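Welcome, and please load the model in your viewer. We will go from stop to stop, with something to select at each one.

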Amino acid sequence: MNLVGSAAYAIAALAFAALAMLCAVSWRGRRWRQGAYLIAASAITAVWGLLLAIISAGRMPALTVFFVEMLRNAGWLLALTFVAEIAAPKALVIAARSACAFAFIVAFAFPILASIGVVLVNPLTLLSRCGVVVALIGLVLLEQIYRNANEAARPSLKYFAVGVGSLFAYDLFLYSQAELLKGITAEAWSARGLINTIAVPLIAVAVRRLPEWSVDLFVSRQVVFYTATFTGAGLYLFTMSMGGYYVREFGGAWGRLGQIVFFSGALVVLAFLVGSAPLRRHARVFISKHFYRNKYDYRIEWLRFISTLSAAPEGDGVKPTSIRAIAQIFASPGGMLFTLDEAAGRFTAAAAWPMPLDEAPGFTDLRLDEELSRFLLRTQWIIDIQEYRRTPDVYDNVVMPAWIAQHRCLRILSPLLQLDRVVGFVLLYDPPPPFELTYEDRDLLKTVGRHVATHLAQHEADRRLAESGQFEAYNRLTAFLMHDLKNSVAQLKLIVANAARHKRNPEFIEDAIETIANTVERMTRLIDQLSAASVTPRLAEVDLGALLREAATRCAGRTPTPVLQVVPGLKVRADAERLIVIIEHLIRNAQDATPENGAIAVSVGRVGRSARLVVSDSGCGMAQEFIRERLFRPF
């Protein structure tokens, strides 16, 4: 024959060998005999493909081909009879097994008879007629298997029927053609290898999906996706090559130039197709729908979800990271997190991702007495906002806040549950198409929502524990101070109590002075152990304008430079050095928060008997989230 046919049968051999190995290592079904015969049929077909690949590369002896064909046909007929079991008529099963026995006998007897010079019939005629009979029996068996299967098994069984049926259907075509034309064309023979290869994924899907067989067959979605991508790219390039060949042959003098331009343009188009995000999303959805029972590869999704949560920065970065961990499962571009504040009686906006909460679109907190809050607390349902807009009766016609209902980018509202109690909810933006919220998405949202709720509760408990530790340290410091103060006060009280009787006694005076000196020394040591902020201020009347100028001078090395507005002659009673330090801190904070082209103003004026000092800047200020979540925390 030719090299094309040899390559086609070699590919078929590899495909069936892979199918046989996957089934052999993964079979978990109750019907072990079915599995054994399916594995055997696949393995025999792999050997068949290898032998025909070798034969097709050179001269093809008819008896050898007949022997290989009969073994392969017998293997699949036996497998089908055990798959059918009681589904097919008994006479049909007997006929099929008799045909297998006859095929085995003829396959072994004819080469032996031919070796001694006895040829009863033309081998090609025998091959075509036996092939037609076996193909008909196989197709009838498949029809009986599918027709008598229960409704639950039919959706998966159709892949098996189409896959194995394509083997017998093409054989019927091939050998019928051989009977009519008294020979087999090279093209029809070469195409047979590719037809058999196409049947392999259909058989694999059927074996994976049929519950009674329960083959734990797993092929990574990434492998399938990239294999499909490479296959599609190969077919595309092959088609473009044929087009380029046509351009060269019929393009006349410009044919070769036209071929180069045509093929270069095809490569550019291929690069755009491979790099197209929407096309990749459509391909992943198609593969998940048609080749896998589940929409998601849960092992990969869960590992990525945990990795994202564990990578959250310290502090309030846990909340935006929680939104991101949920959103990335559905490729959602962002979302918002609301947490339950029982003291305030509402769900409060706690974080947004990827933008800061202050930059999120107009939203308001959700009061617990609003209808949506009561609905969430009662039903704990996940709301598809797009579905709500079409058919609000699905969600009991609950009244949605206007800012949610009118925000066209919002798609999913998913409650966060902790011990069957709603502690918040997540709003996700619409994922890129194609996307449809199915029962599988809802189950996954409930699972990750519970995990996020527990994660946030743990983070809050850790924060409170840290604050408790800070209070404990503060209490220990207070106890330490009180201990020393009580001892010192006790000594001084003793001197005061005895002063009336012994104040003229020189020895008492000496003891009193010694005791006071000891107390002063202890108090001095105690003060040295405390921060400088705890030192008693040295109050004096100072010129506030002079202090402002001194503080501004200390901060003049950075930009923007503060502009002073001072009322002359304004004096206050204060510790001059400590007040300068406080003003200096305020100015430096303003410089940190203000760009170099901004402005800082320091003004002082009189308000009644008091002085008012104002440090203002044109900087970014503090975010509402910072003021709400962190500014007023202890320490």
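## First stop: a buried charge pair

Select R192 and E69: the two form a salt bridge, and their closest N and O atoms are 2.6 Å apart. The term salt bridge stands here for a side-chain nitrogen of Lys or Arg within 4 Å of a carboxyl oxygen of Asp or Glu. R192 sits in helix 7 and E69 in helix 3, so this pair ties together parts that are 123 residues apart in sequence. Helices (H or I, at least four residues) and strands (E, at least two) are DSSP runs, numbered from the N terminus. R192 and E69 are both buried; buried means under 20% relative accessible area, exposed over 50%, and partly exposed in between, with a 1.4 Å probe and protein chains only.

Before moving on, a word on what you are looking at. This is a predicted model, in which local features need pLDDT of at least 70 and side-chain atom pairs count only at pLDDT 80 or more, while totals for chains, interfaces and linings use all residues. Residues are numbered from 1 along each chain as its sequence is written, and side-chain values use heavy atoms, with hydrogens and water left out.

## Zoom out

Show the whole protein as a cartoon: it has 20 helices and 11 strands. Of its 635 residues, 38% are buried. Contact means heavy atoms within 4.5 Å. Among contacts between residues at least 6 apart in sequence, 69% join residues at least 24 apart.

## The largest nonpolar core

Now select W76, F160, F168 and I203. In the largest nonpolar core, which has 34 residues, these four touch the most other members. Such a core is a set of buried Ala, Val, Leu, Ile, Met, Phe, Trp, Tyr and Cys residues joined through side-chain atoms within 4.5 Å. Which elements give two or more residues to this core? Color helix 1 (3–26), helix 2 (32–57), helix 3 (62–84), helix 4 (90–115), helix 5 (123–147), helix 6 (154–181) and helix 7 (186–209) to see them.

Center on W76 next. Leaving aside residues up to four places away in sequence, W76 touches F16, L38, A41, S42, T45, V164, L167, F168 and I203.

## More salt bridges

The protein's salt bridges come to 14 by the rule above. Pick E584 and R588, whose closest N and O atoms are 3.2 Å apart in a salt bridge. Both lie in helix 19, 4 residues apart, about one turn of the helix. E584 is buried, at 15% relative accessible area, and R588 is partly exposed, at 25%. Then add R72 and D171 to your first pair: E69, R72, D171 and R192 are joined into one network by salt bridges that share partners.

## A three-stranded sheet

Display strands 8, 10 and 11. They make an open sheet of 3 strands in the order 8-10-11, with mixed pairing; two strands pair if DSSP finds at least two bridges between them. Strand 8 (563–566) and strand 11 (610–617) are at the edges with a single partner strand each, so one side of each has no neighbour in the sheet. From one strand to the next, the twist averages 15°.

Strand 10 (residues 600–607) and strand 11 run antiparallel and are joined by 8 bridges. Label the ends of this pairing: I600 stands opposite D617, and V607 has S610 as its bridge partner. The two strands form a hairpin with 2 residues between them, and G608 in the turn has a positive phi of about 65°.

Add helix 18 (residues 544–554), which packs on the sheet and touches strands 8, 10 and 11; its direction makes about 175° with that of strand 8. Helix 19 (residues 576–593) lies across strand 10 and strand 11, at about 20° to strand 11. These axes are lines fitted to C-alpha atoms, for helices over the stretch in contact, and angles run from 0 to 180 degrees between N-to-C directions.

## Backbone details

Where is P354 found? Look in the loop between strand 2 (346–353) and strand 3 (366–367). The peptide bond from W353 to P354 is cis, with omega near 5°.

Last, select L419, in the loop between strand 5 (410–417) and strand 6 (422–429). Its phi is near 55°, a positive value in a residue other than glycine. L419 counts as exposed, at 79% relative accessibility.
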